[in-house]
Amino acid sequence: TTAAIRRADVVLLVVDASAEITRVDKRLGEEISLESKPCIIVANKWDLSGGTVETEAWAKYAYDRFRGISYAPISFVTAKEGRNVQATIDLAQQLFKKAQERVGTGELNRVLDRIRERHLPSPRGGKPPRIYYATQVKTAPPTFVLFVNDPDLFPRDYRRYIENRFREDLPFDELPVRIFYRRRESKQTEED
């Protein structure tokens with residue numbers, strides 16, 4: 001299964017909407033997250049849910065179980081009747097195309113400016129964290145390098161904040177995003 005996830009361009013995680021999400025489902029979600037794969041959570045057998053659950057409530061339930069792939073869109077289908085199957089395939093093709101996109105450095109740095117204006121992490125050990133610039137180094141998944149004064153000054157919650165802002169402010173809202181933090185090597189002083 002891991003090899004299939006690794007080879008996939010877009011993963012369709014099919015779960016039975018008429019039953020609880022299982023440990024196996026959750027483990028597959030974790031694998032998809034670890035591989036940073038575009039994904040659609042496919043809620044199959046939606047007709048068997050009996051109309052007692054709203055799509056928004058089920059989505060909240062699913063995202064609570066699949067925390068690592070909370071970026072993934074959800075498609076409600078009834079595969080036996082073919083309901084919403086073509087729309088799911090079309091969505092997979094859209095995600096594939098989106099994952100191939102590149103963002104210019106200018107646009108990326110404008111997003112970074114907004115991030116810096118809104119919120120910066122607190123200084124650690126008296127040293128303020130600084131983000132100098134970013135660049136996209138890869139597609140599928142969109143992968144970025146942020147050049148900073150010290151990667152250790154950026155805690156996990158702030159890294160998640162940046163990842164979420166990249167997803168929201170760039171055309172990657174339904175995709176996994178990888179961000180690496182690299183110390184800017186320079187002969188300049190920290191004050192520059």
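Let's start with a word we'll need all the way through: a residue is buried if its relative accessible area is under 20%, exposed if over 50%, and partly exposed in between, using a 1.4 Å probe and protein chains only. With that in hand, Asp64 counts as partly exposed, because its relative accessibility is 36%.

Now, what are we looking at? This is a predicted model, where local features need pLDDT of at least 70, side-chain atom pairs count only at pLDDT 80 or more, and totals for chains, interfaces and linings use all residues. Residues are numbered from 1 along each chain as its sequence is written, and side-chain values use heavy atoms, with hydrogens and water left out. As for pLDDT, that's the predictor's confidence in each residue, from 0 to 100. Here the protein chain has a mean of 92, and 96% of its residues reach 70 or more. Among the elements, strand 2 has the highest mean pLDDT, at 98, and helix 5 the lowest, at 91. Where pLDDT is low, the predicted coordinates should not be read in detail.

Next, the building blocks. Helices (H or I, at least four residues) and strands (E, at least two) are DSSP runs, numbered from the N terminus. Two strands pair if DSSP finds at least two bridges between them.

Take the sheet with strands 1, 2 and 3. It's an open sheet, the strands sit in the order 1-2-3, and the pairing is parallel. Strand 1 (11-16) and strand 3 (74-76) each have a single partner strand, so one side of each is left without a neighbour in the sheet. From one strand to the next, the twist averages 25°. Strand 2, residues 39-44, pairs with strand 3 over three bridges, and Val42 is the residue opposite Ser75 in strand 3.

Helices lie across this sheet. For the angles, axes are lines fitted to C-alpha atoms (for helices, over the stretch in contact), and angles run from 0 to 180 degrees between N-to-C directions; contact means heavy atoms within 4.5 Å. Helix 3 (residues 55-65) lies across strand 1, strand 2 and strand 3, at about 135° to strand 3. Helix 4 (residues 85-99) lies across strand 1, strand 2 and strand 3 too, at about 170° to strand 2.

Further along the chain, strands 4, 5 and 6 form an open sheet in the order 4-5-6, and here the pairing is mixed. Its edge strands are strand 4 (131-138) and strand 6 (178-183), each pairing on one side only. What makes the pairing mixed? Strand 4 and strand 5 are antiparallel, joined by six bridges, while strand 5 (residues 143-148) and strand 6 run parallel, with six bridges as well. Follow Val145 and you'll find Thr135 as a bridge partner and Phe180 of strand 6 standing opposite. Helix 5 (residues 105-118) lies across strand 4 and strand 5, at about 140° to strand 4.

Is strand 5 mostly covered or mostly open? It's mostly covered: six of its six residues are buried. In a regular strand the side chains alternate between the two faces of the sheet. In strand 5, Thr143, Val145 and Phe147 point one way, and Phe144, Leu146 and Val148 the other.

Finally, the charged pairs. Side chains of opposite charge can pair when their charged atoms come close. A salt bridge is a side-chain nitrogen of Lys or Arg within 4 Å of a carboxyl oxygen of Asp or Glu, and this structure holds 14 of them. One of them joins Asp64 and Arg67, at 2.7 Å from N to O; Arg67 is exposed, because its relative accessible area is 61%.

Another links Asp150 and Lys127, with the closest N and O atoms 3.8 Å apart. Asp150 lies in the loop between strand 5 and helix 6 (156-169) and Lys127 in the loop between helix 5 and strand 4, so the pair ties together parts that are 23 residues apart in sequence. Asp150 is buried at 11%, whereas Lys127 is partly exposed at 30%.

Then there's Arg167 with Glu163, whose closest N and O atoms are 2.7 Å apart. Both lie in helix 6, four residues apart, which is about one turn of the helix. Arg167 is buried at 9%, and Glu163 is partly exposed at 26%.
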